Amino acid sequence: MSAPTTAALAHTRRVCTLYKKSLRNLESWFDRRHIFRYQATLMRARFDQHRNEKDPAKVAQLVADGERELFEKQHYQPKKFPMSPGGVAFEREVIPPDWVLDYWHPLEKAQFPDYFARREKRKEEYVVWWEKQYGKSSANDSSSHH
């Protein structure tokens, strides 16, 4: 069995993407699960009807028609997962930058001695790597900001 060509993989991915987007669109239109599953079964039958099509021109036309139909029938307010871009909770959890830990009080740091010992070691290793990569900074460099 020979390996599939790049064009075949691109076509397969395009069909799979079309199928998944179509399912998500159906999910937006039908909020009752049993109705959605019925519509999804009908849609899968439409995909399976042309599964063994061999003519590349017809296959490309079918995919283009499917993408056009999806665009025309897209939901006016599609469902989005909460943590996905456009979702209600997207980027809500702000992850603080690493330098915030440098400002912890020593008593706070004393609660996690292993972590902060390893962190200090990693910071020293990073400084050594930086100086090796870019050279040591001179006293003139630090005073010539903007």
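Biologist: Which helices each supply at least two residues of the lining of the second largest pocket?

Modeller: In this predicted model, H1 and H3 each supply at least two residues of that lining. The largest share, 9 residues, comes from H1, and the pocket itself has a volume of about 530 Å³. Of the 21 residues that line the second largest pocket, Lys21, Arg24, Asn25, Pro78 and Lys79 are the closest to its centre.

Biologist: How do you know which residues belong to the lining of the second largest pocket, and what classes do they fall into?

Modeller: A residue is counted in a lining when it has an atom within 4 Å of a point of the pocket, and 21 residues line the second largest pocket. By class, that lining has 7 nonpolar, 6 polar and 8 charged residues.

Biologist: What makes up the lining of the largest pocket?

Modeller: The largest pocket holds about 1,200 Å³ of space, and 35 residues line it, with Val15, Leu18, Arg46, Phe47 and Leu62 nearest its centre. Helix H1 (6-29), helix H2 (33-49) and helix H3 (56-72) are the elements that give two or more residues to this lining, and H1 gives the most, with 11 residues. Sorted by class, the lining of the largest pocket has 17 nonpolar, 9 polar and 9 charged residues.

Biologist: What does the UniProt record say about residues 13-70?

Modeller: The unreviewed UniProt entry carries the annotation "domain: Complex 1 LYR protein" for residues 13-70, and such an annotation may be inferred rather than shown by experiment. In the model, that span is 84% helix and 0% strand, and its end C-alpha atoms lie 16 Å apart.

Biologist: Which domains does the domain assignment give, and what distance separates their centres?

Modeller: The assignment gives domain 1 (6-73) and domain 2 (98-134), and 52 Å separate the centres of the two, taken over C-alpha atoms.

Biologist: Why is the contact between Arg119 and Asp98 called a salt bridge?

Modeller: A salt bridge needs a side-chain nitrogen of Lys or Arg within 4 Å of a carboxyl oxygen of Asp or Glu, and the side chains of Arg119 and Asp98 meet at 3.0 Å, N to O, so the pair satisfies the cut-off. Arg119 lies in helix H5 (residues 113-134) and Asp98 in the loop between H3 and helix H4 (106-109), so this salt bridge ties together parts that are 21 residues apart in sequence. Both residues also belong to a network of salt bridges that links Asp98, Asp102, Arg119, Glu120 and Lys123, and the structure holds 15 salt bridges.

Biologist: Are Arg119 and Asp98 buried or partly exposed, and how do you know?

Modeller: Buried means under 20% relative accessible area, and Arg119 has 7% relative accessibility, so Arg119 counts as buried. Asp98 has a relative accessible area of 48%, and because partly exposed covers values between 20% and 50%, Asp98 is partly exposed.

Biologist: What separates Glu125 and Arg122 along the helix, and why is their contact called a salt bridge?

Modeller: Their side chains meet at 3.6 Å, N to O, and because the cut-off is 4 Å, the pair counts as a salt bridge. Being 3 residues apart in helix H5, Glu125 and Arg122 are separated by about one helical turn. Glu125 is partly exposed at 39% relative accessible area, and Arg122 is partly exposed at 45%.

Biologist: How do you know that Glu69 takes part in a salt bridge, and is Glu69 buried or partly exposed?

Modeller: The side chains of Glu69 and Lys73 meet at 3.4 Å, N to O, which is set against a cut-off of 4 Å, so the pair is a salt bridge. Glu69 has a relative accessible area of 24%, so Glu69 is partly exposed.

Biologist: What makes Glu91 stand out, and why is Glu91 called exposed?

Modeller: Phi of Glu91 is near 60°, a positive value in a residue other than glycine, and Glu91 has its place in the loop between H3 and H4. Exposed means over 50% relative accessible area, and Glu91 has 63%, so Glu91 is exposed.

Biologist: Where is Ala8 found, and what distance in space lies between Ala8 and Pro78?

Modeller: Ala8 is found in helix H1, and counts as partly exposed at 32% relative accessibility. Ala8 and Pro78 are 70 residues apart in sequence and 30 Å apart in space, C-alpha to C-alpha.

Key: Residues are numbered from 1 along each chain as its sequence is written. This is a predicted model: local features need pLDDT of at least 70, side-chain atom pairs count only at pLDDT 80 or more; totals for chains, interfaces and linings use all residues. Side-chain values use heavy atoms; hydrogens and water are left out. Helices (H or I, at least four residues) and strands (E, at least two) are DSSP runs, numbered from the N terminus. Domain bounds come from an automatic or database domain assignment. On a 1 Å grid over the protein atoms alone, a cavity is a set of points where a 1.4 Å probe fits but cannot get out, and a pocket is an open set with protein on both sides within 12 Å along at least five of seven lines; lining residues have an atom within 4 Å of a point. Grid points are joined across faces, edges and corners, and a volume is the space filled by probe spheres set on the points. Ala, Val, Leu, Ile, Met, Phe, Trp, Tyr, Cys and Pro count as nonpolar, Asp, Glu, Lys and Arg as charged, and the others, Gly among them, as polar. Buried means under 20% relative accessible area, exposed over 50%, partly exposed in between (1.4 Å probe, protein chains only).
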